[in-house]
Amino acid sequence: MNKTERQLAITLELQRRKMLRAEDLAAQLETSVRTIYRDIQALSEAGVPIMGAPGHGYSLMEGYFLPPVSFTAEEAVSLLMGADFIEQRLDTEYAMEAKSAQRKIEAILPESVRDESTRVRETMRLLHTVEPLTRARVKTYLNQIRNAILDQRKISFMYLKKMPGTDGNRYNMREVSPYGLSLVQENWMLIARCDMRQDIRHFRLSRMTELSVLEDHFTLPPDFDLNSYRPPDDRNEHILIRAKPEIADKIMEALHFYMDAFEEQEEGVIFHFRVRYPEEILHYLLGWGGDIEVLEPESLRFRMQEVAKNILKHYLKHY
């Protein structure tokens, strides 16, 4: 932190905390008390109205605010909760910057607005549903991948696929050119060109292990724009189910991404889904048990029958 940054930080901290000792500022800014004294003197000479109270510390003259920005309580909540979101969802480097931004925002708020924004924020809470160990690994990978994207360097990692390959193995090593990152339903996704598939693929960071940033560089295609990029829709298999009306809302909530249409009939609610392969939604269908019936395709009806028979065996063998 250079002198200019340090003096701005001192001013902002005095606005935020009302009264601070030189020792407290020195500890927070990781410098000496003598340096803080010199900075206070320089700020005073520059016209910043700093007052010193022996035995108590330093404070700013009432009514002095820097920079001259005015936020409503709602605007302050938006900014502060945005910083909360970044702290939780991004990597450690950005988490630290988000905390710093929060302190600066709080410092420039008039006390009445700061109190009101605090009261509003206490009525809302951001929850992270990802398991803690996985979350820690993902945050580490976020930092590495983000830097690899900026440096246009390839990465490699071991990836856990959703479905096993022809050899029955779900793990394989991938080498990719990382194009961008996207947060989708609490999961960070990497959009990258895969050397193995020779095409753009999506990889969930929580399924990665053994990540390495390589020395090899890549060139981002001039026509690739992350903000306008849309993955091709390859959900070409049709599934038809009948469900009891009382669980229709659960089905809509859980499988909205796959749902094409639904219609209410006397015998139940008919749902039309499009999937890449039935296994994508099989565990949902099994979870709803006798409240749903698969109508199409026949292969999925047979799969449901086989699973139901195996479940039944576990319970019948005890009688």
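**Close-up views of a predicted model**

**Figure 1. Helices α4 and α5 pack at an angle of about 165 degrees, and their axes are 8 Å apart.** Like everything shown in these views, this pair comes from a predicted model. Anything over 145 degrees counts as roughly antiparallel, so α4 and α5 get that label: they are roughly antiparallel to each other. Their crossing is left-handed. If you want to find the contact yourself, look on α4 for Leu79, Leu80, Ala83, Asp84, Ile86 and Glu87. On α5, the residues they meet are Tyr94, Ala95, Ala98, Lys99, Gln102, Ile105 and Glu106. Sorted by class, this contact has eight nonpolar residues, one polar residue and four charged ones.

**Figure 2. Here α5 turns up again, this time with α1 as its partner.** Two numbers are handy for any pair like this: packed helices are described by the angle between their axes and the distance between the axes. For α1 and α5, the angle is about 60 degrees and the axes are 7 Å apart. The two helices are therefore oblique to each other, and they make a left-handed crossing. From α1 come Leu12, Glu13, Gln15 and Arg16, which meet Arg103, Lys104, Glu106, Ala107 and Ile108 of α5. So what kinds of residues sit in this contact of α1 with α5? There are three nonpolar, one polar and five charged.

**Figure 3. Helix α6, residues 111-121, has buried residues to pick out.** Look for Val113, Arg114, Ser117 and Arg121, which are buried. Why do they end up on the same side of α6? The reason is that they cover an arc of only 100 degrees around the axis. As for what they pack against, the partners are α1 (3-17), α4 (73-89) and α5 (92-108). You have already met those three helices in the views above.

**Figure 4. Helices α9 and α10 pack at an angle of about 50 degrees.** Their axes are 12 Å apart. That angle makes α9 oblique to α10, and the crossing is right-handed. On the α9 side, the contact uses Glu279, Leu282, Leu285 and Leu286. On the α10 side, it uses Leu300, Arg303, Met304 and Val307. How many nonpolar, polar and charged residues does the contact of α9 with α10 have? By class it has six nonpolar, no polar and two charged residues.

**Figure 5. Proline 278 lies in the loop between β10 (268-275) and α9.** Is proline 278 buried or exposed? Its relative accessible area is 12%, and since buried means under 20%, proline 278 counts as buried. Leaving aside residues up to four places away in sequence, proline 278 touches Glu237, Ile239 and Leu300. Leu300 should ring a bell, as it is one of the α10 residues in the contact with α9. Now compare sequence with space: proline 278 and serine 299 are 21 residues apart along the chain, and their C-alpha atoms are separated by 9.3 Å.

**Figure 6. Arginine 301 lies in helix α10, residues 298-316.** With 23% relative accessibility, arginine 301 counts as partly exposed. If you skip residues up to four places away in sequence, what does arginine 301 touch? Its contacts are Glu293, Val294 and Leu295. Tyrosine 284 is 17 residues away from arginine 301 in sequence, and the two are 14 Å apart in space, C-alpha to C-alpha.

**Figure 7. Glutamate 296 and proline 297 are joined by a cis peptide bond.** Omega for this bond is about 0 degrees. What makes such a bond worth a picture is that most peptide bonds are trans. You can find proline 297 in the loop between β11 (292-296) and α10.

**Figure 8. Glutamine 198 and glutamate 210 share a backbone feature: a positive phi.** Most residues other than glycine have a negative phi. In glutamine 198, though, phi is near 55 degrees, and for glutamate 210 the value is also near 55 degrees. Where do you look for glutamine 198? It sits in the loop between β5 (187-194) and β6 (199-204). Glutamate 210, on the other hand, lies in strand β7, residues 208-217. At 53% relative accessibility, glutamate 210 counts as exposed.

Note on methods: Residues are numbered from 1 along each chain as its sequence is written. This is a predicted model: local features need pLDDT of at least 70, side-chain atom pairs count only at pLDDT 80 or more; totals for chains, interfaces and linings use all residues. Side-chain values use heavy atoms; hydrogens and water are left out. Buried means under 20% relative accessible area, exposed over 50%, partly exposed in between (1.4 Å probe, protein chains only). Helices (H or I, at least four residues) and strands (E, at least two) are DSSP runs, numbered from the N terminus. The arc is that of the directions from the helix axis to the C-beta atoms. Contact means heavy atoms within 4.5 Å. Axes are lines fitted to C-alpha atoms, for helices over the stretch in contact, and angles run from 0 to 180 degrees between N-to-C directions. Angles under 35 degrees count as roughly parallel, over 145 as roughly antiparallel, 65 to 115 as roughly perpendicular and the rest as oblique. A crossing is left-handed if the near helix is turned anticlockwise from the far one by less than a right angle, and right-handed if clockwise. Ala, Val, Leu, Ile, Met, Phe, Trp, Tyr, Cys and Pro count as nonpolar, Asp, Glu, Lys and Arg as charged, and the others, Gly among them, as polar.
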